[in-house]
Structures are given as structure tokens and as C-alpha cells.
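Welcome! Here are some short exercises on how two parts of a protein chain meet, each with a worked solution to follow at your own pace.

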Amino acid sequence: MAEEKSVDKATLEMLAKAKADKVSTVFDRAEEMKPCPIGAEGSCCKNCSMGPCRVPAPKKKAETGGEKAKRRGVCGATAETISARNFVRMIAAGTSAHSDHARGVAELFLATARGEVPGYAIKDEQKLYQVALDLGIEIGDRSVKEIAIEVGEKCLAEFGRQHGELHFVKRAPLKRQELWRKLGIAPRGIDREVVELMHRTHMGVDQDYHNLLLQGSRCALADGWGGSMISTELQDILFGNPVPILGKINLGVLKEDQVNVVMHGHEPLLPELLVVASQDPEIQAYAKSKGAKGINLAGMCCSANEVLMRHGIPVAGNFLQQELAIVTGAVDAMVVDVQCEMQSLADVAKCYHTKVVTTNPRAKMQGATHIEFDEHHGPEVAKKILRAAIDNFPNRKGKVVQIPAESQEMIVGFSHETINYLLGGLFRSSYRPLNDNIINGRIRGVAGVVGCNNCRTTHDSAHLTMIKELIKNDVIVLTTGCSAMACGKAGLLTPEAASRYCGAGLAEVCEAVGIPPILHMGACVDNSRILMAATAVVKDGGLGDDISDLPAAGAAPEWMSEKAIAIGQYFVASGVFTVFGTTFPITGSEEMCKLLFEEMEEVVGGKWAFEPDPEKAAQLMIAHIDKKRKALGLDKARERVLYDMAMRRELDAV
Ligand code: SF4
Ligand code: MSK
């Protein structure tokens, strides 16, 4: 049934068009190819050529002959070792993706500081000073250039660091830092943690699943408090720290009479220049010379989140809508950088006039046009790409263009610094009002709901069901990535959503501050902003002395990428209870389930849960939040009764 594919009308309309146009999409291929059940539960090893070895979980007790036989690969590796190796390799891949993104940003940052790249500048000096202080860099009367060069060099050195700890580890609550040190999981260098994890999971190395998970945590922490955090911080300094801004989302942002350029991927380095180039009078005139009224830039996936938050550039859609943007027939160029770009884009584009342009030497695609991004000639490359899109506009003539009507306004751009300012005001910016409202019970707790779409579950549905359940129960939600986009499309990122969907306490706070109950904090790498927000809440006091004490939980109800597993593990290792939906890649091993879903909490204060039903998953999060409230002695506060006049009179009469 079409309705089972998505809850988004624009998506359903384009799926019908794709069907009529005989175009195969990810939704069709998901129906044609069922997932391998052994791989899905993490019970397949192909780490050497004596395998692949499959050690699926026995279906019934009877199959084991009553006794629990140890399932092993040819080399003797147990099911839990195989499961753990697969799981931590996902962490290594996810960490690599975020961190290689970060390395590119750090290199560009340094080149910008040295004045070597045209088109880029240090935009946010305030944030530069803050980051410099956190890196132990002297400010004194040094110039912005000197400080920025040292910031760039120090951040770049974090990737190849061999000893000691990543600088941003010191941003975490003290108790958390001590715990990481005690467990030996405070991350050293980012590359080192990934390489060590790949080594340990090679055939015949680390065969203790507990030990593997410790290094998995160390690697994930090198992502959250390393690679991802470096990306966020340096991007903010280069392109500006996001502040609340009005945006628009869904396929309806495409324009029939303009050159539509969709920027898709994760790295904002080129999109930032495309934004500038699209406003260039020469480029505008060129577009008009080809019969277009102008250039309409739109985003897709996390490149979209980046330019949305800083420039208000509209968003065409989230992960599962990438092919469908092309199906509209209105996209003149889809410009991709890295991550989450389906190879099918090139095939879908063949059925329309769209040009798919790859721009990164690390991410080429057969059938696409490659125009390489070179930061030393950035503005020229950006113009070249836009000219290619403009040249393609006339090829749209005579073809069917069908742009869905759906587009929705939203307020986005809540960096943790902005939340601080909004809550406390310019003269006493602080998280105090948030803490106070958690303590007095108006806000029950905080949830980070993030992550992808997954074609194995109804598009956007789990995000929306979970988030509505949370805010109805007075849990304020921080969101990023494709989850944030699902919220935007459903109209949840507006202040009006508070009175419509929230419990009375949360609605009251949102209305007083003038914020939506769900705060869009950015792209996938910006989950590091959630870590910083959680730390700020701890530091403000009254809610324990570690992230694991907070009435807070995390979730990725429609996750699909290895990056999501890395994010989940750094949340867990930072002390957060984290629930994932769809499938979970270790369910083939009882031992691994016990470790991740139970025992891990005793070790790092956070643990995983797997619950595909988003309503039940939200209830698990709320139960955890209530457990933490109780431990903090705040359960009484929630039971408070607001007296109306009649009740007061009754009291007086007693
Ligand atoms: Fe099989 Fe062991 Fe080789 Fe994995 S490493 S494929 S379990 S023999
Ligand atoms: S884009 S990683 S599908 S959130 Fe960051 Fe969306 Fe997941 Fe890609």
C-alpha cells in the first residue's frame, strides 16, 4: 500500500509519478529485495576467506537439543565475538565518515586563516575565541589571524595525535572525564582509534566482546567529542554560528520558472560558495539569458541543514526524497558532495533532464558529471557548476514538470549557544531557566531524537509518532539530520506546535520563551551540539553532576547508516539511554544483547535499547526520564497541583 511507504503527501505524489514514469526508486527496490535475516541480526562474518561464516540465533530451544550449543565460525570465533566485531566496525566506519568530513573542514579552516583560499573568511570571532580557550590557546593581544592559525593547527593535529587525550574531552563534565580515564576509553587521536578498532576486528585479534566494546566506545567518543565536534565548531567560526531563522521545507520549494539546483550531501564547504555565487549578478543574468527567472537553490539531507541554518536556504527533502526530487522533472542539477547519496541518482536522472554533478574526489559516481571542488579556486568552481545547471535549464522545455504543492515554514538554527541566550537573555545567558523548569516539573526531561530515514519503515512516521508522544508528555526535543526535516515537514518546528501538541507544562515554557517544543540543532555532525547542551545543563547545577544523571534520553527511530551507530555509541558512552528503531545489528547474540541493553549502564551510565514501535520507544524514554527524576528527588515536583481560585478558596475555608 502506498500509504505504508510514507506519511508525507509530496513523497506519495512523487512515488505515483515515478511509477507512471516507470522509474525504480529505493521504495521499489526495498520491496524486491528483502534484507538477509542473518546479516540483519549481525550473525555473519566475512573477515577472512575461510568464511563467510554464519552463526544465526537458533529459532527454537528444541533446535539446540535442549542444551545451549556454542555457535562458532570456522576459526572458532563465537557468535558474540562475530556480532561485536561487526558492530564496532560500523562504529569505525561512522566515525571515519564524520571525521574525514572534519579533517576537510580543518584543512580549509587553516588555509582560510592563512589567507590562502579565496571566498572564505573567519565570520564568527566570538566563537573563535571560545574555541581557542577550550584548546588552551593564548588570546592576549594576538591577532585573529594568529589565533585562527593556531586553532586550525591544533584541530588538524587531533587526527594524527598518538598520545594523551583529545582536547575537547575536557569539555565534558569532570565526573564523565574521570570515568573515561578509569575505563581507559578517553580518546587519543581520531585516526588512531579507528585504526586500532580495524586492527582489533581483523581475523584472530581481539576475541573478547566486552573488550571490543570498550574500544568501540573509545572510537565513538573520538567521533562525538572529536571529529563531529571539530566539524561543528570550525564550520561555525567559518560560516557563522546559527541563530533562529525562518526556513521552508518539502518538494514544493522547487520552482517551475527558475533554475533549480539541489545541494545534497554533508559538507557545507562548496554549498556556502554556491549560495554566494547564486547571487552574483553575472550568474543571475546568465540564468535570465536562458529563459529562467532566476536561480533557486535548495538542499537535501545534511548539506541542506547546514545552509538552511545559516542562510535560510529552503530544503527539498530528507534522505528518502532524494530520487523523488529528480522525479519532479524540475531539477536542473543535483550537486552532491559526500555521504547518503544513493547511486541510483544517476539512473533516475537518465529518465529526466537532470544533471547529477559529483564534486568530491572521494565520492564519484558512474553516469554523473564530475566537476571537482578545489578550495583554491572555490568561487570559480561554484560558478562553473551553476553555469552547467543553467545550461541544462532549456532541456526542461517540453518535458512534464510536476512539483508537489507541499512546503512548510519552520524555525531552525538552535545552536547550544543560542539556546543559552534565548533562555537567559543577553545579560545573563544561561541554561538556568531550563534547569529550573525541569526541577519544577513543567519540563519532564530532554530527548535528542535524530537520525535517518529507512525504507524498511514508513518514511518519517516513526520520527513523528515518537516526537509527538514525547512532547505530549512534556519532554522537550532536540533534533538534527533527517529527523529534524521530518519534523519541519509536519509543521512541528513552529512555536504554534507548542499549544497544539505539547503537555501543559512544556507548552507554557515554550510560549513564554517563544520557541518551538522541538529545537532544530543542525546536521548529523551537530549532534555534538547536543553533547554540549547536555554538559551545559549539568554545569548549571541542580540536576546531578554527570550527563548520566540527567532526566534525558536519545533516539534514532528510523536509523540506517553506520554513522548513526557511531552517534548512538558516543551518546551511550557519554551516559545517555539511547533507543534505536527499525532493526538492530546485534540481536543474533544473546550475550551482546545483554551487554548493550543491560550491563553497559553499570559501566558507562548509559545503555542501548531496541524498540521498533515508536510509541513504545517513546514510553521507554519517558520511563527512563522518570527514573532519573526519581533518583534526583524530583518525582515529587511532577506531582505538584496547580491551584485555581476555587481550590484556593476551599483551602482558605479549612
Ligand atoms: Fe569465519 Fe573466523 Fe574467518 Fe570470520 S574470521 S570468516 S568467523 S573463519
Ligand atoms: S543525512 S546520515 S540519512 S540523518 Fe545526515 Fe539523514 Fe542519516 Fe544521512
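## Where two domains meet

**Exercise 1.** In this predicted model, how many residue pairs are in polar contact across the interface of domain 2 and domain 3?

*Solution.* Count a pair when its N or O atoms lie within 3.5 Å. With both residues at pLDDT 80 or more, the rule finds five such pairs between domain 2 and domain 3.

Next, look at what domain 2 brings to this interface. Helix H4 (79–113) and helix H9 (209–239) are the elements that each give two or more residues to the side touching domain 3. H4 has the largest share, with seven residues. Sorted by class, that side of domain 2 holds seven nonpolar, five polar and four charged residues.

**Exercise 2.** Find the salt bridges: how many are there between domain 2 and domain 3?

*Solution.* The count is two. To see a salt bridge up close, go to Arg 362 and Asp 100, whose closest N and O atoms are 2.8 Å apart.

**Exercise 3.** Place the two domains in the chain, then say how much area is buried between domain 2 and domain 3.

*Solution.* Start with the bounds: domain 2 covers 79–239 and domain 3 covers 251–396. Their centres, taken over C-alpha atoms, are 30 Å apart. The contact draws on 16 residues from domain 2 and 16 residues from domain 3.

Now the area: about 1,300 Å² is buried between domain 2 and domain 3, and carbon and sulfur atoms give 57% of it. Within domain 2, the residues losing the most area to domain 3 are His 101, Tyr 120 and Phe 239, together 39% of what that side buries.

Notes:
Residues numbered from 1 in each chain as written. Chains lettered and ligands numbered in written order. Predicted model: local features only at pLDDT ≥ 70, side-chain atom pairs only at ≥ 80, totals over all residues. Heavy atoms only, no water. Domains from an automatic or database assignment. Contact = heavy atoms within 4.5 Å. Buried area = accessible area lost by both parts, 1.4 Å probe. Salt bridge = Lys/Arg side-chain N within 4 Å of Asp/Glu carboxyl O. Polar contact = N/O pair within 3.5 Å; in protein donor to acceptor, adjacent residues only side chain to side chain. Helix = DSSP H or I, 4+ residues; strand = E, 2+ residues; numbered from the N terminus. Nonpolar A, V, L, I, M, F, W, Y, C, P; charged D, E, K, R; others polar.
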